[in-house]
Amino acid sequence: MSSERGKDIAEESSDHQQSVTPSRYESQKRRDWNTFGQYLKNQRPPVALSQCNSNHVLDFLRYLDQFGKTKVHVQGCMFYGQPDPPAPCTCPLRQAWGSLDALIGRLRAAYEENGGSPETNPFASGAIRVYLREVRDCQAKARGIPYKKKKKKPTSSQGKGSTADESSSTMHFS
């Protein structure tokens, strides 16, 4: 009987380990948070997280550009504005707008999960939104493909109220 009990405990612990495995998003968020923290520590002088502001975040985003893989044509390039250039050029590789946008979303969440206040979140500042919009527009022009905001589908209410699924997934603050 003790072998059965040991087997049950082993199964419980393996189940517990599987349920603790973080999602891909959570793993990426933690990795991004650690990378940003390391970036702040490597500044001269080092910057404490409590002293971090949107300028540090903007500097971090510009720093990341050196590791980008997206060709962004400069205005003087003969391929500027062409979606599929026929030959290589010397234009720089940059971080893609979508990657930066997703990164900021993860860091914004991580900041608050690590005790930061939503009111002081440097990743949520207007300067960051403006920077991301400029990057998006610049990259769209360089490729000759205008960015089109996805239109939200209109919600149709049939007067019957919300379904159980809708009401359970909606959080209300009072």
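I take the expected span of a helix as 1.5 Å times one less than its number of residues. Helices here are DSSP runs of H or I with at least four residues, numbered from the N terminus.

**Basis.** I worked on a predicted model, in which local features need pLDDT of at least 70, side-chain atom pairs count only at pLDDT 80 or more, and totals for chains, interfaces and linings use all residues. Residues are numbered from 1 along each chain as its sequence is written, and side-chain values use heavy atoms, without hydrogens and water.

**Helix α2.** I compared the two lengths of α2: its 18 residues should span 26 Å at 1.5 Å a residue, and its end C-alpha atoms lie 26 Å apart, so the two agree. I then listed its buried residues (under 20% relative accessible area, 1.4 Å probe, protein chains only). They are S27, K29, D32, W33, F36, Y39 and L40. Their cover includes α3 and α4.

**Nonpolar core.** I looked up the largest core, that is, buried Ala, Val, Leu, Ile, Met, Phe, Trp, Tyr and Cys residues joined through side-chain atoms within 4.5 Å. It holds 22 residues, and F36, V57, F60, L61, I104, L107 and F123 have the most contacts inside it. At least two residues come from each of α2 (24–41), α3 (54–64), α4 (97–113) and α5 (126–143). The most come from α4, with six.

**V57 and H56.** I counted contacts as heavy atoms within 4.5 Å. Beyond its neighbours within four places in sequence, V57 meets F36, C52, I104, P122, F123 and I128. H56 lies in helix α3 and is buried, at 19% relative accessible area. Leaving out residues up to four places away in sequence, H56 touches F36, Y39, L40, V47 and Q51.

Technical notes: Buried < 20%, exposed > 50% of the residue type's maximum accessible area, 1.4 Å probe, protein only.
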